[in-house]
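Here's a small set of exercises to work through with the model open in your viewer. Try each task before you read its solution.

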Amino acid sequence: MGAGHAGLAASHFLGERSIDHVVLERGEVANSWRRERWDSFRLLTPNWQSRLPGLRYEGPDPDGYMTVGEVVEFIERFAKVSRAPVRTGTDVTSLRRVDGGYQVTTSDGEIRCRAVVIASGACNRPTVPRFNDAVPASVEQLTPFDYRGPAQLPDGGVLVVGASATGVQLAAELRRSGRPVTLSVGEHVRVPRTYRGRDVLWWMNASGVWDQRFDEIDDLARARRLPSPQLVGTPERMTLDLNALASTGVELVGRWAAVRDGRALFSGGLRNVFSLADLKMERLLDTFDAWARTHGRDAEVGSPERFAPTRVPESTRLQLDLRSGEIRTIVWATGFRPDYGWLDVPVVDAKGLLRHEGGVLDSPGLYALGLPVLRRRKSTFIHGIEADAREVVDHLARYLALRG
Ligand SMILES: Cc1cc2nc3c(=O)[nH]c(=O)nc-3n(C[C@H](O)[C@H](O)[C@H](O)COP(=O)(O)OP(=O)(O)OC[C@H]3O[C@@H](n4cnc5c(N)ncnc54)[C@H](O)[C@@H]3O)c2cc1C
């Protein structure tokens, strides 16, 4: 289910094993990238890291970052090369267990099958806090799914909520368009774009951090909830942290906690939030340094670096009157969640997430791919799917073989 890179990777390995299958896709191949990203979007992972089973980036700029159009082309090429049997325009509206297999109801009829791989994506809906109901109607509200670019917004101030990859990228773009921008900052993951002369994601890869398996992680639930790192992919390979944003005039406020009488109320304690993110970044850089030292790679990379702590503003506002006209638009960059409204098998927990063990669900023959830290830290990233999909399809093949 799903013709994003995860469903197509599953199809690749099923095809390799000559397992008869079909990929059902409600839209087109790479639908999420076509419909759910803003105009200026670029991957935050470098081109050399864009690789799928049997396909890798071979263009002239391995250190660059793909535009959304290039991502769509890359995934389309993968579908063609692996001859994935995709049925586009086929919306799965129900999946239920019947007679030792599954009945899939789609907008185009019913299908019976023995096994299903759910690769419908981890980011089907933007998450917006419930108190958004209490925001005065005079303030426009957008999610990253509605946002295309600054020109679409009314003139005037913008409050961007959330300082992970999407929030910092949209805040920077809106600020460049000349608007006053306030950024509400909660827990976040700070990393430099480059470290000791290499892309930080080179370090994640080389040092093995990204390959860490789900069954080796102490607090897996937390690892699966971690927000995306504050990163942007630009030709200049710029670091987009809170210091960079503040120096362009973005105002930083704390986590948005509530709305009362038309006022947005923010948590205090930015200092703690910043120190925690700085500390975690330091620890990550220490891990990289230790890896370079113990693997004899020090000579190949620049000298160790340390970065200035995140600057705490002299005074931070704890509330903002949303009726005053200062803020004309709110952009909710508060994360995404999957949508399993179509799933009639009891494998979804109270938080609306799939219960699974490395992609194996508690229903025979039912599997998932493309979820955060599914089998490794890199599971949701394009380059992370190959190993996961191979292992999940291995399990599925064993299951089919055992059942004869
Ligand atoms: C804002 C953002 C930025 C990202 N940046 C990067 C990055 O820089 N680098 C990187 O490697 N990764 C990035 N990712 C992460 C990752 O690549 C995406 O989450 C990726 O799209 C996941 O692939 P997928 O195949 O699991 O899901 P998707 O690409 O979402 O594919 C799921 C498919 O399932 C289909 N589908 C859903 N429900 C149904 C249904 N009921 N019936 C039929 N079809 C259905 C959808 O239409 C979609 O085509 C980013 C993600 C987001 C949200």
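**Exercise 1. Find how β10 and β21 pair, then place the pair in its sheet.**

Keep in mind that this is a predicted model. Start with the pair itself: β10 and strand β21 (residues 327-332) run in the parallel sense, linked over three bridges. To get the register, look at Glu 140, which stands opposite Thr 329 in β21.

Now zoom out. The pair belongs to an open sheet of five strands, paired in parallel and ordered β10-β21-β11-β12-β17. The edges are taken by β10 (140-142) and β17 (251-253); each has a single partner strand, so one side of each has no neighbour in the sheet. On average, and ignoring direction, neighbouring strands here are turned by 20° against each other.

Last step: what packs on the sheet, touching β11, β12 and β21? That's helix α4 (residues 165-176), and its direction makes about 170° with that of β12.

**Exercise 2. Work out which residues anchor the largest nonpolar core, and list what one of them touches.**

First, the size: the largest nonpolar core has 84 residues, and Trp 33 and Leu 183 have the most contacts inside it. Helix α9 (residues 385-403) supplies the largest share, eight residues.

Next, pick Leu 183. Skipping residues up to four places away in sequence, its contacts include Val 160, Val 168, Ala 171, Leu 242, Leu 245, Val 250, Leu 252 and Val 253. Glu 251 is also on the list of residues that Leu 183 touches.

Then check for a second core. There's another one lying apart, with 19 residues, among them Val 191, Trp 202, Val 209 and Trp 210. As background, nonpolar side chains in soluble globular proteins tend to be buried together.

**Exercise 3. Decide for Ser 11 and Asp 39: buried or exposed?**

Take Ser 11, in helix α1 (residues 5-16). Its relative accessibility is 3%, and buried means under 20%, so Ser 11 counts as buried. Who surrounds it? Leaving aside neighbours within four places in sequence, Ser 11 is in contact with His 21, Val 23, Ala 84 and Pro 85.

Now Asp 39, which lies in the loop between α2 (31-35) and β2 (51-52). Here the relative accessibility is 58%, and the cut-off for exposed is over 50%, so Asp 39 counts as exposed.

One distance to finish: the C-alpha atoms of Asp 39 and Pro 154 are separated by 17 Å, with the two residues 115 apart along the chain.

Terms used: Residues numbered from 1 in each chain as written. Predicted model: local features only at pLDDT ≥ 70, side-chain atom pairs only at ≥ 80, totals over all residues. Heavy atoms only, no water. Pairing = 2+ DSSP bridges. Helix = DSSP H or I, 4+ residues; strand = E, 2+ residues; numbered from the N terminus. Axes fitted to C-alpha atoms, helices over the stretch in contact; angles between N-to-C directions. Contact = heavy atoms within 4.5 Å. Buried < 20%, exposed > 50% of the residue type's maximum accessible area, 1.4 Å probe, protein only. Core = buried A, V, L, I, M, F, W, Y, C linked by side-chain atoms within 4.5 Å.
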